[in-house]
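Q: Please take a close look at the surroundings of the ligand in this model. Which residues and elements surround the ligand, and which polar atoms lie close to its own?

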Amino acid sequence: MGALTLHDVDVRGKTVLMRVDFNVPLDNGTVADDTRIRAALPSIRFLLERGARLILASHLGRPKGKVVPELRMDPVAQRLSNLLGMSVVKVDEVVGPEIPEALSTLGPGSCLLLENLRFHPGEEKNDDDFARSLAQYADIYVNDAFGVSHRAHASVAAVTRYLQPAVAGFLLQKEIEVVTSLLEQPARPFTAVIGGAKVSDKIGVLESLLRRVDRLLIGGGMANTFLRAQGHSMGRSLVEEDKLDLARRLLDLAERQQVELLLPEDLVAAAEISEQAEAVVVEVAEGLADTHMALDIGPKTRKRYAQSVSSSALVVWNGPMGVFEVSKFAGGTKAVAEALAAADAFSVVGGGDSAAAINSLGFAEKVGHISTGGGAFLEMLEGKLLPGIAHLTQQ
Ligand code: ADP
Ligand code: MG
């Protein structure tokens, strides 16, 4: 990669502004899942151990440019203090006089957490003045917030105009390395498993992957649109009628690129999405009844997809194979996750729901890399240069 990293800068005695992704789920005013906080610990510890004074900044939820009391960062500061075993100073402002005051008593190897960045309207507008205010007390900028690196927001993009060197933290560095190696020198056979709700969410990714992979396995709601485009009856399934031409175009592209594109041959269908629903297995060739929706891939498809995953050297997975939130329709997602966990292949999982599925099934340790990014992961897979990476100081 071209960007400088934490290893390239001398941080001793310096004040470091680090953008992190502490956008964690809250429950009753406490952190319900601290995965994202833990993910930033290696960079945080590295800086603190080397005697930097650390200003941490993150957004939390969607306060839309104003103060929303329930979205204050205090529970995050609390959890971070516990994880680090030292007290983290929390200031109640994003910019303002409280910050220099707190900094005046902050010693080397200590850290401070700013208030929710998105309380300030300048953050999402990528506002220059706001970025300058954020930058003013620091000597070095670190981006370790991969999950927001596809957003041109002030703390990710504009800030680098006022604060250099701007370097990648360890989390960001790993994400860049994994996706770059996957795009530039993939081990083969290289297989992509793509699912999730809609084709329209992932057009760019599908096009990009069709130019790089040996096999593309499609599942989830988006498979319905492809199957409909091939003329199958899909009943009341989620089908994007306005994307049928696109689906045909992607099928053509697969053929031209000699990519083996697999679609479900059987499906689990039901008349409603609930645990009480009566689920039936339907052959795609026979079509779905008008009353039914396709909600998961069927047993034959699971077996075929699992075999395909097992015989690959590299697998990238985004998007569940069915409505996995309802356990009755989670079998396909589970089968693919199991195959991924058992395979010799290096596997990369990205996407909010896919990562959640892998985690909840307990396979996190068995895959090569779980991306902390949803949208950012997909955009990087498309081959796009993300704003949070593009403006980092180059080597
Ligand atoms: P990710 O966050 O991993 O990128 P997506 O957000 O694209 O994944 O897709 C996840 C959503 O897709 C889930 O909420 C799931 O219920 C939905 N989904 C999967 N299969 C179907 C289907 N057959 N019909 C309707 N929705 C589906
Ligand atoms: Mg999602």
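A: What follows describes the shell around ligand 1 and then turns to one helix. The model is a predicted one.

Ligand 1 is surrounded by 18 residues. The closest of them are Lys 202, Ala 294, Glu 325, Asp 353 and Ser 354. Sorted by class, the shell holds nine polar, six nonpolar and three charged residues.

Three pairs of polar atoms can be described one by one. Lys 202 places a polar side-chain atom 2.6 Å from an oxygen atom of ligand 1. From Ala 197 the partner is a polar backbone atom, 3.1 Å from an oxygen atom of the ligand. Gly 221 also takes part through a polar backbone atom, which lies 3.1 Å from a nitrogen atom of ligand 1. On its own, ligand 1 has 580 Å² of accessible area, and the protein covers 82% of that.

Three elements each give two or more residues to the shell: helix H8 (220–229), strand S14 (293–297) and helix H12 (352–360). The largest share comes from H12, with three residues.

Helix H6 can be examined for its length and burial. H6 runs over residues 170–184, and at 1.5 Å a residue its 15 residues should span 21 Å; the end C-alpha atoms are 21 Å apart, so the model agrees with the expected span. Buried residues in H6 include Phe 170, Leu 171 and Leu 172. Gln 173 and Glu 175 are buried too, as are Ile 176, Val 178, Val 179, Leu 182 and Leu 183.

Conventions:
Residues numbered from 1 in each chain as written. Chains lettered and ligands numbered in written order. Predicted model: local features only at pLDDT ≥ 70, side-chain atom pairs only at ≥ 80, totals over all residues. Heavy atoms only, no water. Near = heavy atom within 4 Å. Polar contact = N/O pair within 3.5 Å; in protein donor to acceptor, adjacent residues only side chain to side chain. Areas by Shrake-Rupley, 256 points an atom, 1.4 Å probe, with all protein chains shown as cover. Helix = DSSP H or I, 4+ residues; strand = E, 2+ residues; numbered from the N terminus. Nonpolar A, V, L, I, M, F, W, Y, C, P; charged D, E, K, R; others polar. Expected span 1.5 Å × (residues − 1). Buried < 20%, exposed > 50% of the residue type's maximum accessible area, 1.4 Å probe, protein only.
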